[in-house]
Amino acid sequence: MRNNTILLIDSEASDSAEVIGCVSPAVSAAHLRLRTSAGIADGLRILRDMSTSRRRVAAVIVGPHVGEPLSVAREVNRLSPRTPVVVLAPPENAIEIEQALATLDRRRSSWTTASVDEDAIADAIHDVIASRSRKSRLRGDLDDVDEQLFFERQTNTITVGSESGRSGRGTSVHENSPTYAIVSIDDEGLIVTWNRAAEDLFGLAETAVLGRPLADLASSSSVEELNALLSDMKRGETVTRRELCCRHKDGTLLDAELTLTRVHHTPDPRIAISAIVRDVSARRRTERREAAQHEATRILAESKMLGEVTPRLLKSLCEVLGWDVGCWWSVDAASNVLRRDETCVVPALADMTLDSFSRDRSVAPEFGLASHVWKNGVPHCISDIANDPDFEVDSLLARNGFCAAIAFPVVSGRVIYGVVELLSRNVQSADAALLELMGAIGAQVGQFIDRRHAEHALRASHALNQAVLDSLDAQIALLDRQGRVIAVNEAWKRFARESSGDDGNVDIGANYLEVCRRALDASFTETRTALEGLRAVLSGTRPHFTMEYRSDIPGREHWFLVDATSLPTEIGGAVVSYLDIRDRKMVEEERARFLVATQETIRLKNEFVATISHELRNPLHAILGWTYLVRNGRLEEGIRVHGLEAIERNARQLSHVMDEVLDVSNMTESTLRPRLIQVDMASTILQAEESLRAAAEKKSVEIHTQIDYEAGHVLGDKDRLQQVIWNLVSNAIKFTPSGGRIDVGLRQSDSNVEVTVSDTGQGIDPSFLPHVFDLFRQEDGTIRRRQGGLGVGLAIVRHLTELHGGSVRAHSEGVGLGATFTITLPVMSSNIDQHATSPPIPTAGSPVQTARSLRGARVLLADDDPEARALVTAMLEHSGANVRSVASTGEGVEELKHWRPDVILSGICDQCSLMRTMQGLAPRRGRAIPAIALIARSGGDDRLNALSIGFRNHVYKPVDFVELTTVVANVLGRIAMTPND
């Protein structure tokens, strides 16, 4: 039976009608009969029936509207293996389909591909029936001639219609093709023809685009590239293909694959180029989203801190997903606002005026897209800001022409750390997949923040633990279950460096049990019990072990308190600590004698502290409670008066308690009050030296003196000043080795007397030099420990020196290079009777004589505290002084221009500025006006600073009336001195 039937399998008949008109002439030319199907299933049924009835078809044509042509071809091959197959496909899919058809059995069937073109279909039918060719007429790699011929045929079909020999088919099958947008343009790039698919793709009717430039279809970012392609076509290019970004009528951007072909011999002379536009937005959208996800993952993997993530992530999202501006909003939980910390603008908008994007901005939870996302915790997109009814238009966005916005939360669990907002000047939409992607990226960043917080907390915890360990004097090591050292503190390392022997070389990774065993072999028999106890702790047979033992390290003896404590079972191992108790052993017998007295002292101290706490808290409770009620409550007059009386009564009780505390301090610390007389420092030094000469000779240390006997006298307590010299010389003898030398000097420098004590002894480490005068401070190391002492001698020297209005300083070039101590004391004023003495600073019980001594004195008071200014003015005027007060240095200078005071009192903050101004006025006035500093704090540095910049004396705040008037009278030389017994 003849095989004279061609079976066309396509989708619904409405879609196949245009194909039938193109296939029929080719089938008729081959003297065959065309049979069409109503759909794919119907076509396969027809083929099955014909094969069953032994009526084979000449060929099967798979139409261009079949969604999966390869599957249909395989099914045809299965039902009728020897039946040739022709697949109608567009040029861009020809290679892909032909490669797929190659999987069919070539020995049993013939196949080819063709475009929906009468000539191409005729050639394909002829080829498969005659089995002459296995090559496709439409491939992506056709040479320019084949491509040109195809597009010339296609263009003729599009434009000519009945003139091309196909009358009755309207304009063309391609013009009405719903799959590909086909556009014809002239050499100037103006649109000549426009098919139905183009209308659907761009949303523009043919009448709206004819005569317009093809570049109008491209987005602003692709116009230049499209114009370049058209220029290449004008210069001779025949076929070119490129992916560009185009714009729909509503402003939405779409990705399109554009194929341009130079055509010739067209009936319409205007047509020069044929353009096929294929919408690849879905594929490109998928690619971009996958790229965005990949970039976000890469950025998070490469970054260590959030500050590195935010700019890179915003830039990546804008570039990959096609947005113009990216903003990072962080959550300020304390203020309940979002704060914009980072902004990224694409280079195309670099010249735009975006002032608000360049600085921080905060928004409340009720305004804007970012706040909406923060409040709801889910991604959201606004495709058209101006026409969105659910959001108030942001004036900033509208002013800069932004149309679309999308935002997603940076979240981990229920915690929202921030919001990422992307803005676009184009209308953009977001489907569920994009919102899901944004949410996934936000969750990734949130997890990154959580991880960094956890890592930071872990590092901080480790650092804190190590800092705590390093701050301890005990030598501490952590051991694992096998006894290996896994961590040590600084004391352990320091002891390891200073010690010799195997037990001093224990570092991380060493097995401490093995070290202890070697110590036993080396006759350290005291460590046997410690080793057994440590093994018991590590094995878990006992949770804790402690003991004291003696260790003979070459050159010195050590006593240690060793302590081993097991770690939790799930961790295993132990904490081992060694505390050097050598000093404790040396004084243990002495401490035993005072043990009972010490325990009693501790008991009394605890009772005293408990009593003080009770006596302070009760009045404070009443004061705070009544103050709140009086200030904020609506109390009756009688209750309010009662409350005020309670406040006053309890405040007086607090004052009484504080007075008692000071009395206790005076009893325990023996507060010193110097007896002021004229003191000859030369004789004081000689007397101190003479009392220590025997001790120096016993140690073979020479003492040399260089004394300026013309140096002025000082006003002070002779016994206390002699104690100062004695302490310094005694200290020098203690730290100077046999054969050394001590130099004691006295000289006058300006208005001061300087006493120096230098030695060739052990010197002072530079790191300890700032603390040499601190109470109870001793330099670390064996030198201080070998010499003993509690570290109070030099502290007493400083206290007594400052009590006399002087200062002391220490200098040393380093350990082993000796030390020099210098005392500076003010020279006694020449107008004071040299044979008179001065009593101690008077108490509040005898103010009258001092007050009379200020009668008529002119005092300029400068203080920036109005309360202090009023109080001091009242005190001085009560003593008979003529006082003028100012609040600043500038006011003081103006006052000095018109009035010359006898003395200046300064309590302003900028004391240096005042003294410089006074020194500048001194040459014009003949002499400087003496000044007294009012010091708010009682620290020694404040007093020394005041003296160093030119003040004669000082008075501490709160100001005592008697002390103030006495110091002023002393500076003015008005205190009557009496002989001292």
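Leu 464, Val 468 and Leu 472 come together as a nonpolar patch on the surface of this predicted model, and their accessible area adds up to about 250 Å². If you follow the patch to Leu 472, you arrive in the loop between α14 (432-471) and β17 (475-479). Leu 472 has a relative accessibility of 37%, so it counts as partly exposed.

Let's stay with helix α14 for a moment, where Glu 455 and Arg 452 both lie. These two residues sit three apart, about one turn of the helix, and their side chains meet in a salt bridge with an N to O distance of 3.1 Å. The two partners fall into separate classes of exposure. Glu 455, with a relative accessible area of 32%, is partly exposed. Arg 452 has 19% relative accessibility and counts as buried, because buried means under 20%.

Salt bridges that share partners can also be followed from residue to residue here: Glu 243, Arg 283, Arg 284 and Glu 287 are joined into one network in this way. How many salt bridges does the structure hold? The count is 30. Side chains of opposite charge can pair when their charged atoms come close.

Another pair to look at is in helix α2 (residues 40-52), which contains both Arg 45 and Asp 42. Here too the partners are three residues apart, about one turn of the helix. The closest N and O atoms of this salt bridge are 2.6 Å apart. Arg 45 is partly exposed at a relative accessible area of 39%, and Asp 42 is also classed as partly exposed, at 22% relative accessibility.

A further salt bridge links Asp 216 to Arg 212, with 3.4 Å between the closest N and O atoms. Asp 216 has a relative accessible area of 39% and is partly exposed; Arg 212, at 30% relative accessibility, counts as partly exposed as well.

From charged pairs we can turn to the cysteines. How many disulfides does the count come to? The answer is zero. Cys 318 shows how this comes about: the nearest cysteine sulfur belongs to Cys 344 and is 4.7 Å away, whereas a disulfide needs sulfur atoms within 2.5 Å, so Cys 318 is in no disulfide. Cys 327 is in no disulfide either, as its nearest cysteine sulfur, that of Cys 318, lies 8.3 Å away. Are these two cysteines buried or exposed? Cys 318 counts as buried, at 2% relative accessibility, and Cys 327 is buried too, with a relative accessible area of 1%.

Cys 318 is placed in helix α11, and it offers a nice link between distant parts of the sequence. Leu 422 is 104 residues away from Cys 318 in sequence, yet the two C-alpha atoms are 7.3 Å apart in space.

Helix α11 also leads us to the second largest pocket, which has a volume of about 920 Å³. The lining of this pocket is made up of 32 residues. Nearest its centre are Cys 245, Leu 253, Leu 321, Gly 322 and Gln 428. Which elements give two or more residues to the lining? They are the strands β8 (239-247) and β9 (253-262), together with the helices α10 (281-302) and α11 (306-321). Of the elements in the lining, α10 gives the most, with five residues.

To finish the tour, have a look at the backbone in two loops. Most residues other than glycine have a negative phi, and most peptide bonds are trans. Against that background, Asn 336 catches the eye with a positive phi of about 60 degrees, although it is not a glycine. You will find Asn 336 in the loop between β11 (325-332) and β12 (337-345). Asn 336 is partly exposed, with 43% relative accessible area.

Asp 750 is the other residue to visit: it has a positive phi of about 55 degrees and is not a glycine. Its place is the loop between β25 (741-749) and β26 (752-759). With 72% relative accessibility, Asp 750 counts as exposed, because the cut-off for that class is over 50%.

Terms used. Residues numbered from 1 in each chain as written. Predicted model: local features only at pLDDT ≥ 70, side-chain atom pairs only at ≥ 80, totals over all residues. Heavy atoms only, no water. Helix = DSSP H or I, 4+ residues; strand = E, 2+ residues; numbered from the N terminus. Buried < 20%, exposed > 50% of the residue type's maximum accessible area, 1.4 Å probe, protein only. Patch = residues over 30% accessible without salt bridge, like charges linked within 9 Å, V, L, I, M, F, W, Y side chains within 5 Å. Areas by Shrake-Rupley, 256 points an atom, 1.4 Å probe, with all protein chains shown as cover. Salt bridge = Lys/Arg side-chain N within 4 Å of Asp/Glu carboxyl O. 1 Å grid on protein atoms, 1.4 Å probe; cavity = no way out; pocket = protein on both sides within 12 Å on 5 of 7 lines; lining within 4 Å. Points joined across faces, edges and corners; volume = space filled by probe spheres on them.
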